[in-house]
Amino acid sequence: MRSSNHLIGMVNFLTFLLSIPILGGGIWLSSRANSTDCLRFLQWPLIVIGISIMVVSLAGFAGACYRNKFLMWLYLVAMLLIIAALIGFIIFAYAVTDKGSGRTVLNRGYLDYYLQDYSGWLKDRVSDDGYWGKISSCIRDSGACRKIGRNFNGVPESADMFFQRSLSPVESGCCKPPSDCGFSYGNETFWMQGGGMVGANPDCMLWNNEQSMLCYQCSSCKAGVLGSLKKSWRKVSVINIVVLIILVIFYVIAYAAYRNVKRIDNDEPAGEARMTKSHPSHFHL
């Protein structure tokens, strides 16, 4: 029984360590929610799951140390629910970020983003006028577009240099007009209408060189936020999948050890019942 308790205790300790990358992923999403992605509800499920794994692991560790079968049982039940919640979160994250990506632009190092390329619940959430007001204010206050400017020895970045840059989805969608508008480059956030007709893209009319306006009300900006969210969620989901696989393995080990503890407590050594059936007792009158 002691070896089984030691095994359960070790599994609980390792499970506790596994909660750290999940909690770290939630905190990383939280930091991006305050600066780049600007959606503040997405990180909470991960943070709650990470903290839950920590608490449940400590309970299971205490149960193994003090040979408390109730705490061991509680660990197994709670961890099963946590694993189910983590699976649900991973499926949800992939489902809502399944469609949509940036479009390549000829002779440009960056991608352009279009809202019609996205669909589903997350697009509807971001596109909601009331919710978008908060998101656009967050992007503006974060200074994402202000940070896009570059100088080389006091000389502003040229158009050719800017066109070869790899911009983030938010920088591309919110800080410059869409490429199909045909505007001429002044600097990173100042663009002049060319001599020809303005492009048919409605965002062309929404672009404003006023630094507090730019393209914050453009559909391309909303698409840029969706593109940024997709990249963030996919990075975190990869870590979550690896952690999930290890969690399931640890759970199976802990469950087998718990069954062994119960069998020993019930005075049923492993294999005894099977041998009794194979070699029944003979009684002689």
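What follows is a conversation about how some terms apply to this predicted model.

Modeller: In this predicted model local features need pLDDT of at least 70, side-chain atom pairs count only at pLDDT 80 or more, and totals for chains, interfaces and linings use all residues. Residues are numbered from 1 along each chain as its sequence is written, and side-chain values use heavy atoms, with hydrogens and water left out.

Colleague: What makes residues 44-65 a helix, and what span does H2 reach?

Modeller: A helix is a DSSP run of H or I with at least four residues, numbered from the N terminus; H2 has 22 residues, so the run meets that definition. From its first C-alpha to its last H2 reaches 32 Å, close to the 32 Å expected at 1.5 Å a residue, where the expected span is 1.5 Å times one less than the number of residues.

Colleague: Why are Leu46 and Ile53 in H2 called buried?

Modeller: Buried means under 20% relative accessible area, with a 1.4 Å probe and protein chains only; Leu46 and Ile53 are among the H2 residues that carry this label, as are Gly50 and Ser57, and therefore each lies under that limit. In the protein as a whole, buried residues make up 41% of the 285 residues.

Colleague: Which residues line the largest cavity, and how do they divide?

Modeller: Val96, Thr97, Lys99, Tyr118, Ser119, Leu122, Lys123, Leu226 and Lys230 line the largest cavity, and they divide into 4 nonpolar, 2 polar and 3 charged. Lining residues have an atom within 4 Å of a point of the cavity, which is a set of points on a 1 Å grid where a 1.4 Å probe fits but cannot get out.

Definitions and conventions
On a 1 Å grid over the protein atoms alone, a cavity is a set of points where a 1.4 Å probe fits but cannot get out, and a pocket is an open set with protein on both sides within 12 Å along at least five of seven lines; lining residues have an atom within 4 Å of a point. Ala, Val, Leu, Ile, Met, Phe, Trp, Tyr, Cys and Pro count as nonpolar, Asp, Glu, Lys and Arg as charged, and the others, Gly among them, as polar. Buried means under 20% relative accessible area, exposed over 50%, partly exposed in between (1.4 Å probe, protein chains only). Helices (H or I, at least four residues) and strands (E, at least two) are DSSP runs, numbered from the N terminus.
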